[in-house]
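Please take me through this model in the viewer, stop by stop, telling me what to select next and what is to be found there.

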Amino acid sequence: MSLPLIERAEDGNSDGIVRMTLADLGRPFEAPPQVVTTLTPSLIPTRKLEEGEQYRFHFNVTKCIGCRSCEIACNEQNGNPADIMWRRIGEIEGGTYPDTQRHYLSMGCNHCLDAECIKGCPVDAYKKDPVTGIVLHSADACIGCQYCVWNCPYSVPQFNEARGVVGKCDMCHGRLTDGLEPACVNACPEAAIEIEIVNKTAWRVDYAAAESPGMPAAGLTISTTRITLPPNAAAKLERVDTGRIQQEHAHLSLVFMTTLIQAVTGSLILALLCKSIDPLFLTILLAITAVALNISIFHLGRPAYAWRALKMWRRSWLSREVLGFGLFFAALAATTAASWIVELPPQLCANLHLSSILRPDLLHFAPFILTALGWSAAFFGIAGTIASAFIYLVPARPAWDMSHTPIDFLLSAAFIGSTLPLALSLAIPHLAHLPFLHPLGIYAQPTNIPTWPAYLVAALWMLNHIIRLIRLAKSTVFEERATAALLNTSRLQPYVLALFAMPIAACISTLFGLFTCATLAAFAAVLLGRYLFFVSVVPLNMALTFTRGGSHS
Amino acid sequence: MILRNLRRKLGIDTRQSDYTFQKDPRFGHIASARVADKWVKTTCGYCSVGCGMLIGIKDGKAVAARGNPEHPVNLGKLCPKGLSEHHILDAPGRATQPLLRKDGKLVPVSWDEALDTMVEKFRGVQERWGKDALGVVGTGQLLTEECYTLGKLVQLGFGTRNSDGNTTLCMASAVSGYKLSFGSDGPPGSYKDMETADVILLIGANIADNHPILCQRLERNRARGKDCTTVIAVDPRVTKTAMLSDIHLPVKPRSDIALLNGIAHILIRDGLINLEYIARHTTGFTQFASFVATFTPEHVAELTGLNEEQIIRVAHLYGRAKAAFIGWTMGVNHSSQGAVTVTAINNLALITGNIGRAGAAPFSITGQCNAMGTRETGFTSSLPGYRKFDNPKDREDLARLWNIDVDRIPTARGLAYPDIIEGAVSGSIKALWFIATNPVVSFPNYSVLEQALRSVEFLVVQDGFFPTPTSDFAHLVLPAAIWGEKEGTYTNSERRVSKANILVSPPGKARPDFDIFLDLASRLGVKAELYPNWTSTHDAFLEWQRVSSGRMCDYSNFTWQQIEDEGGLQWGGESLYTDGIFPTADGKAILHSVPCLPFIEQPNAEYDLILNTGRTVEHWHTRTKTSQVEMLNHMVPNAWLEMNPVDATRLELRPHDRVNVVSRRSSVRNLELRITGIVAPGQVFMPFHFSETNSNRVTLGGFDPISREPNFKQCAVLVEKYVKTLT
């Protein structure tokens, strides 16, 4: 990458308006060209990168006066709306009057060595630029799944609702390429922000200079931003934005999608175990799955490109979830189709010219094929559910990053799965009497689904939630305690109470044979749990201001 | 539209074109929407720092703002307000048509009807109640040329003496203090002094929030070498500026006079004064020396809450500095003792000879972009060109220049702003005209102001924005052009005259204030006499050059073009009083003995906290402009109250609690509480920008007897938890 700045500065003929600030805030190009021999270091590198090096931000806390010009300059540079700020200011404060200290953090993207946004992206929209090390995001490739928003411990990537894609700081790559300062560097009246070169290997060994009060631990992703702090900062300064923890987005589409798919998976497995699958039962499960997958697609910022999400199955849990549930749907559809075909009356087969396929010798293997297809669907369902749970095991969201998440996902499958087949076993005989199903010659099979799993799973499901809540409340991690505190607010408390009332209601309903009620209660419990899971998570983030202005949440 | 929504729902990036980048020929890679066809030089219209800007214009719209790298004030840098200033021009809240109240409602009318009504109503009031029944409050937001034009229109056209500027809420104390000490207004120093001074004493000046672009001067000074300068901040609050200083003196509210006298005491006691300068250029030293003798370090420590060592150290630093600079803003001015506090500051500069040379000045950092222009040209607290009402020669001078009868020039100033409001309440003022100012938010003790606004027979509000909290009371609203829509000059704190240029046309039917003034003059029948053959603000500038010629604020040495080319020019050079000759009767500056009195409303058992008010970097004054800039509003959408943890514990309050601030006058309700060590125990602080939570509901109607500036900074309040009620 060329860096013509130094040449331009030295030739002295360039337009004085070429934007460049000298580190000592001196006026650029003041000296006549012939006497330019040594230049005060500029705020961007003046030599080319060598092997093993990359660019990074250096932010000098001791110079920043908290004027917020960098934030405006960034938004103007990138044409972002007011509520999306790729560079954000945070306050950190400490001490007792009059020995009070308040400082400011000004942060864009940290262009990490181990960037989680890159690893999680299902469509490979992120790239760490091989030359500059800048973490670049492609809006064209992005499908707006927002998984990077969850993955980044600094909450750097932000979703642009109007566009349906995520965006983030690219260190003004386009300006640096032309030897111009990034907008924030250029706007800072105190020369507190600069771009410098870092040796990646050395930094990986010692990145202590990336740590600061108000910043999540740099080790999670190895942030490259170097922060110059005042003496004793770590002991004195604390963030000021912790008093107002805001609810996160509820992601209702994901609440429903995960719940429905888990319900289907659990129901299928129970029915397979009890050998009581029939075409109507499978068709209902297939319909629910179709609804769930459609919901999940429209959760994306750009549903039309959902297919791209398969791309990174080797790396991204989100891709794996999409793959798992995709195969699940295919296997379930195949199972359903097979079950219908097996059950078709001979006359209908003949009319449909299916006799050649459904030869008696093949029909002999039918139950075996059906079972095999059914279990393969169950396998993909479980695999998808596990992949789905692993999406949420991200260090940047501590309240999600607990063993309780996969346990909850599996238990939720079992919970609804232990009640829904009971309800359907009651409903299907009625459905079978529907006139339009008569030509198909459907008859209701006698079912032998036990009720004891419903009690057992409900108890385990509740236990998992109770332990999670206790662990959150007693956690040493601020964000986890904050989640517990959020759940304890007057706004969310009723939901938490309902969360535990519902499984009990499900058990009582089962006891009285009210299987539909039990199923509804189980659904309600899981939906509530999932809603609370989404809204109460407190993500890691850089310290923001007291009014939390500039935060995107 | 439906198709677009559908496409968007399906995942087509319908806004992709809004997020493309192009190469601006001048500024390089940037969002396409910010690439300009041309860049127009201008000067920022917010504060008095007076930054040079380049505004990018594309298709007749202002699309980008940049600091002008060539401009000596800011060298290419801007604060967040400046960087987003182009957004105010096409903001939705702009006033676009004249509105007249008919049957209780403001309805659109033509300019003819608006101005005819205004003239008729004002004349009616003046015929019935006397000429002085009309009160006019102007502003530091206008161009110098407009201030000058307005002064003549009001005093000679309408013939009322009761004309003042909103600058009385801002820097009137500095003006009065300078006049008392030096015989004339005029800040003697320059920003450049902050780069070379060995000691920079900032008193009640939170420049990091209010004049952030000045902070780079401190940084550049420090870059000269280690320990070559000491920045000392005197402020009861640990402001951003206090935190970037080397020494912070956390004085008790309003004890700055004691500190200044105490420093003078130590300087005299320890021989750190310039006896030669005192003898040659000042009067009153003997009396002054004996007056400050009582301000011993022990006594001052008691009054200020500082310790003796701190006071002595700062006095010695100031006394031993080769060049010492004192800067102040509203912490000093916003006081019923503001004017004399300014003289106490001037005393320090005078007895050490820290005036009239590089790095050494007692320097008032003003507020609005053109506060200085109103001071120089204004026909308010003095006659144009720093002339005095009570000086017959000055009056004759002007009469000759204007070719009018000298008897038409008043021999004393009319009512100051607070007295105009008082007059409206008591009935002596019957009509009011507010120009580009929003007293409902900016004037202290709102309940009295409200009574004034409701009492007058006719109230005209001329502003670039509608509605404003003040226009709610108006009988007539005149839509005015704002910064970027008119051409002329602003003068900044360091007396630098800079050019403000036209970027775009005013929205709708809005007109430049200058045009409105001239139109009114025509309707009054005084245009030919007052403004012969004037068509543009340049004509006003040319006359102002003649009027200011030979005066201290002499504009006759430079043309508009020169001002523009040089990035602004300072009248009087970098320092005033370089020869030590002051515009007093004997040419000597006067040392005043300033007693330190307690502030008016002391806390008691019931109202147990002292409320301090101030600003924040994201907003400007009453937010008529900055509330229109989404980015700024998003950063700080609401006011807050700062309270020390000690008081919060005592009152059982927690961070983010909603609280009421209650004074003897009224209350501010539903404020967000910020518990912080930034404020001292016993004190609370809130920003005054927000009309929704207007600090001036509780502030005090106390005014400086000399400058008439309000005492915004201290009043006694209690803080209670806000309880939602059904009303």
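A crossing of two helices is called left-handed if the near helix is turned anticlockwise from the far one by less than a right angle, and right-handed if it is turned clockwise. With that convention in hand, the tour can begin in chain B, bearing in mind throughout that this is a predicted model.

**Stop 1: two crossing helices in chain B**

Select residues 111-129 of chain B, which form helix α3, together with residues 513-524, which form helix α22; their axes come within 10 Å and cross at roughly 60°. Because angles of 35 to 65 degrees belong to neither the parallel nor the perpendicular class, α3(B) and α22(B) are oblique to each other. Looking down through the pair, you should find that the crossing of α3(B) and α22(B) is right-handed. To display the contact itself, show Leu115(B), Asp116(B) and Val119(B) from α3(B), and then Asp519(B), Leu520(B), Arg523(B) and Leu524(B) from α22(B). Sorted by class, this contact of α3(B) with α22(B) holds 4 nonpolar and 3 charged residues, with no polar ones.

**Stop 2: helix α10 of chain B and Val292(B)**

Now move to residues 256-269 of chain B, helix α10, whose 14 residues should span 20 Å at 1.5 Å a residue, a value that agrees with the 20 Å between its end C-alpha atoms. Colouring by burial is instructive here, since 13 of the 14 residues of α10(B) are buried, so the helix is largely enclosed by the rest of the structure. Following α10(B) you will come to Gly271(B), which has a positive phi, near 70°.

From there, add Val292(B), which lies in helix α12, residues 285-292 of chain B. Is Val292(B) buried or exposed? Val292(B) is buried, as 26 other C-beta atoms lie within 10 Å, the threshold for that label being 20 or more. Setting aside neighbours within four places in sequence, Val292(B) is in contact with Asn261(B), Ala264(B), His265(B) and Ile268(B). A distance label between the C-alpha atoms of Val292(B) and Gly262(B) should read 7.0 Å, although these residues are 30 apart along the chain.

**Stop 3: a buried loop residue in chain B**

Next select Thr139(B), which sits in the loop between β8 (134-138) and α4 (144-158) of chain B. Thr139(B) counts as buried, with 24 C-beta neighbours inside 10 Å. Which residues is Thr139(B) in contact with, leaving aside its neighbours within four places in sequence? They are Gly165(B), Asn166(B), Ile435(B), Ala436(B) and Thr437(B). A second distance label, from the C-alpha atom of Thr139(B) to that of Ile273(B), 134 residues apart along the chain, should give 40 Å.

**Stop 4: where chain B touches chain A**

Show both chains and select the contact between them, in which 61 residues of chain B meet 53 residues of chain A. On the side of chain B, the elements that give two or more residues include α1 (2-10), β2 (28-31), α8 (215-222) and α26 (630-635). That side of chain B divides into 35 nonpolar, 12 polar and 14 charged residues.

**Stop 5: chain A as a whole, and helix α9**

Hide chain B and consider chain A, which has 19 helices and 10 strands. Of its 553 residues, 53% count as buried, and among contacts in chain A between residues at least 6 apart in sequence, 74% join residues at least 24 apart.

Within chain A, pick out residues 252-273, helix α9, whose 22 residues should span 32 Å at 1.5 Å a residue, in agreement with end C-alpha atoms that are 32 Å apart. Since 17 of the 22 residues of α9(A) are buried, this helix is largely enclosed by the rest of the structure. Just after α9(A), Lys275(A) takes a positive phi of about 50°.

**Stop 6: helix α16 of chain A and two partners**

Finally, select helix α16 (residues 452-473) with helix α14 (residues 404-417) of chain A, whose axes come within 9 Å and cross at roughly 155°. The two helices α14(A) and α16(A) are therefore roughly antiparallel, and their crossing is left-handed. The residues of this contact of α14(A) with α16(A) divide into 9 nonpolar, 3 polar and 2 charged.

Then add helix α18, residues 493-511 of chain A, which packs against α16(A) at an angle of about 170° with the axes 10 Å apart. That angle makes α16(A) roughly antiparallel to α18(A). Residues to show in this contact include Tyr455(A), Trp461(A) and Met462(A) of α16(A), and Phe500(A), Pro503(A) and Cys507(A) of α18(A). By class, the contact of α16(A) with α18(A) has 10 nonpolar residues, 2 polar and no charged.

Notes
Residues numbered from 1 in each chain as written. Chains lettered and ligands numbered in written order. Predicted model: local features only at pLDDT ≥ 70, side-chain atom pairs only at ≥ 80, totals over all residues. Contact = placed C-beta atoms within 7 Å. Helix = DSSP H or I, 4+ residues; strand = E, 2+ residues; numbered from the N terminus. Nonpolar A, V, L, I, M, F, W, Y, C, P; charged D, E, K, R; others polar. Buried ≥ 20, exposed ≤ 12 C-beta atoms within 10 Å, placed from the backbone. Axes fitted to C-alpha atoms, helices over the stretch in contact; angles between N-to-C directions. Parallel < 35°, antiparallel > 145°, perpendicular 65-115°, else oblique. Expected span 1.5 Å × (residues − 1).
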